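User: Please take a close look at how the two domains of one chain sit relative to each other, and then place that part within the rest of the assembly.

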There are 2 protein chains.
Amino acid sequence: MEIIVQPREMQQRSEQNRCQGIVITFVPTMGYLHEGHLSLMREARKRGDVLVISIFVNPTQFGPGEDYAQYPRDMERDLALVQDVGVDICFTPSANEMYPDGFQTSVEVHHVTENLCEASRPGHFRGVTTVVAKLFNIVKPHLAFFGQKDYQQLIAIQRMAEDLNMDIEVIGLTTVREADGLAMSSRNSYLSPAHRTLAPGLYRSLVKGKELFARGERNAATILNAVRGMIEKETAAAIDYVKLCDARTIQDIDTVTGDAVIAVAARLGTTRLIDNIILREE
Amino acid sequence: MEIIVQPREMQQRSEQNRCQGIVITFVPTMGYLHEGHLSLMREARKRGDVLVISIFVNPTQFGPGEDYAQYPRDMERDLALVQDVGVDICFTPSANEMYPDGFQTSVEVHHVTENLCEASRPGHFRGVTTVVAKLFNIVKPHLAFFGQKDYQQLIAIQRMAEDLNMDIEVIGLTTVREADGLAMSSRNSYLSPAHRTLAPGLYRSLVKGKELFARGERNAATILNAVRGMIEKETAAAIDYVKLCDARTIQDIDTVTGDAVIAVAARLGTTRLIDNIILREE
């Protein structure tokens, strides 16, 4: 496996690869890798010839007072993990190389980022879509892979790629979970043992909502009341939001008539966790 | 010469060309071509193997009440003109293909677009940078050419390409002028004969400012007063702005210490004209 630090070097390598007919697959990450990331890489490994990943904790998607400085980092461990998966190139730029003096451009996807996480993390998605646009232009992949745990992010990136005519297929893969159902996340490492025990209640509550849907319930308020009640009872988490949205537009809905998503954000102690579950007619 | 209407077809063609080692040059236009456009194309013709131009009157860079509907169009004449220049592919998408239902993404370059034209054309540059990002992704050029007449636009696009790591060299070429000095512009066709006679006074006033600079004047107010006074006297135009800015940041300056630009926007009747001149130490 090769480690490339300079954006220009990464870009030239990818241009050469594309010109040789090589299919480039790409998994962008912020490091501190877990099985969720590795499962994306395994799928990306199968779908192309050269697998590029990036490890870059992107400062512009963290708000003031958020955990940019504390975000867990362990490059040595990450590099060992991805070697086993068969990563060809690991791109690890510095923040100075990604955002040199005078940097002043942003990419924004508007409607699908207005709901859910935007309220408590203003500007977060602008940071995400901007850095992903940069990474896409540097790595020039044919296919890029993202986890469905960050569902709103996935939809925003798919929308950006389509709207800006990026020649990239953006693929979302199923959330990987711990045995007890907790969605894998680098931020799980923040959880105290007590909160770690309570955290799987988030997913159990989403499953409860999906069961109501499966039994024919279509009223969003009814489903959300059940989910919210169970989260409050089982986890005592401070709920940021529990919402039922159209799966494509991420707008709130009153009645489920097509593909939908129940999305939750909640704090256990100081740790903000997000999760979601898709509601789809069988 | 080939005419391509579908973005996806244009993109696939360019991808194939790149993979064969072909150098793609690109001149995006809104049509109603004049010698300014043609000079960009002639230079682009020399600098690469396949010359692509686009003709697309982009609705999102016109504000409410601006001249989108009236903007001059003459595709037949344009196609005859570019054939002579040796254009290989003319890309002419429809507005529906560029902005399908659900479109919601924008690219913004912030600081360099805050001054000059932004005040009277809010959102104009966001429309420009967004459509150019799309066109760049569709046409995949190695080199792209823009006229210096739209100086602020040129700087914004260069900044965008650099900030977003687009693998494209954005080249600005000298403004082409009529024999009497008027900068060529598709909007010159709006001018009444009387206003057409007055219009070259804009450029003569800029030249006057540059002469002051050449004779050692470095105070912006002194230079601008002379330029403004001459515009008022010679053209009777309604001045939108006359400003002296840093050539790279497009911020107003009090004293000329490095490369700078005198930029003017003014209305003759209902026709808004812009022009500029660069001040550079010999």
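Analyst: In this predicted model, the C-alpha centres of domain 1 and domain 2 of chain A lie 26 Å apart. Domain 1 covers residues 2-173 and domain 2 covers residues 186-276 of chain A. Contact between them involves 14 residues of domain 1 and 16 residues of domain 2. On the domain 1 side, the touching residues divide into 8 nonpolar, 5 polar and 1 charged.

The chain as a whole gives the setting for this pair. Chain A holds 9 helices and 10 strands. Its C-alpha atoms fill a box of roughly 55 × 40 × 40 Å along the principal axes. The radius of gyration of chain A is 19 Å, which agrees with the value near 19 Å for a compact globule because that value is the one set by its 282 residues. Of those 282 residues, 43% are buried. Among contacts in chain A between residues at least 6 apart in sequence, 70% join residues at least 24 apart.

Next comes the contact between the chains. Chain A and chain B each give 27 residues to it. On the chain B side, at least two residues each come from helix H1 (7-19), strand S5 (105-109), helix H6 (124-139) and helix H7 (151-163). By class, that side of chain B has 11 nonpolar, 9 polar and 7 charged residues.

Strand S5 also pairs across the two chains. S5 of chain A (residues 105-109) and S5 of chain B run antiparallel and are joined by 5 bridges. Within this pairing, A:Thr105 stands opposite B:Val109, and A:Ser106 stands opposite B:Glu108. In a regular strand the side chains alternate between the two faces of the sheet. S5 of chain B has a covered face made of B:Thr105, B:Val107 and B:Val109, while B:Ser106 and B:Glu108 form the uncovered one. B:Val109, opposite A:Thr105, is therefore on the covered face under the burial criterion, and B:Glu108, opposite A:Ser106, is on the uncovered face.

Further into chain B, strand S6 (residues 143-147) is mostly covered, with 4 of its 5 residues buried. S6 has parallel partners in chain B. Strand S2 (residues 24-29) is joined to S6 by 2 bridges, and B:Phe26 of chain B stands opposite B:Ala144 in S6. Strand S7 (residues 169-173) pairs with S6 in the parallel sense over 5 bridges, where B:Phe146 stands opposite B:Gly172.

B:Arg47 belongs to helix H2 (residues 35-47) of chain B. Leaving aside residues up to four places away in sequence, B:Arg47 touches B:Thr25 and B:Leu143. B:Arg47 counts as partly exposed because 15 other C-beta atoms lie within 10 Å. The C-alpha atoms of B:Arg47 and B:Asp246 are separated by 29 Å, with their positions 199 residues apart along the chain.

Nonpolar packing completes the picture. In soluble globular proteins, nonpolar side chains tend to be buried together. The largest nonpolar core here has 156 residues, and B:Ile262 and B:Val264 have the most contacts inside it. Not counting residues up to four places away in sequence, B:Val264 touches B:Leu202, B:Leu206, B:Ile231, B:Tyr241, B:Val242, B:Ile274, B:Asp275 and B:Asn276.

Definitions and conventions
Residues are numbered from 1 along each chain as its sequence is written. Chains are lettered from A and ligands numbered from 1 in the order in which they are written. This is a predicted model: local features need pLDDT of at least 70, side-chain atom pairs count only at pLDDT 80 or more; totals for chains, interfaces and linings use all residues. A residue is buried if 20 or more other C-beta atoms lie within 10 Å of its own, exposed if 12 or fewer, and partly exposed in between; C-beta atoms are placed from the backbone. Two residues are in contact if their C-beta atoms, placed from the backbone, lie within 7 Å. Ala, Val, Leu, Ile, Met, Phe, Trp, Tyr, Cys and Pro count as nonpolar, Asp, Glu, Lys and Arg as charged, and the others, Gly among them, as polar. Two strands pair if DSSP finds at least two bridges between them. A nonpolar core is a set of buried Ala, Val, Leu, Ile, Met, Phe, Trp, Tyr and Cys residues joined through C-beta atoms within 7 Å. The radius of gyration is taken over C-alpha atoms; the globule rule is 2.2 Å times the number of residues to the power 0.38. Domain bounds come from an automatic or database domain assignment.
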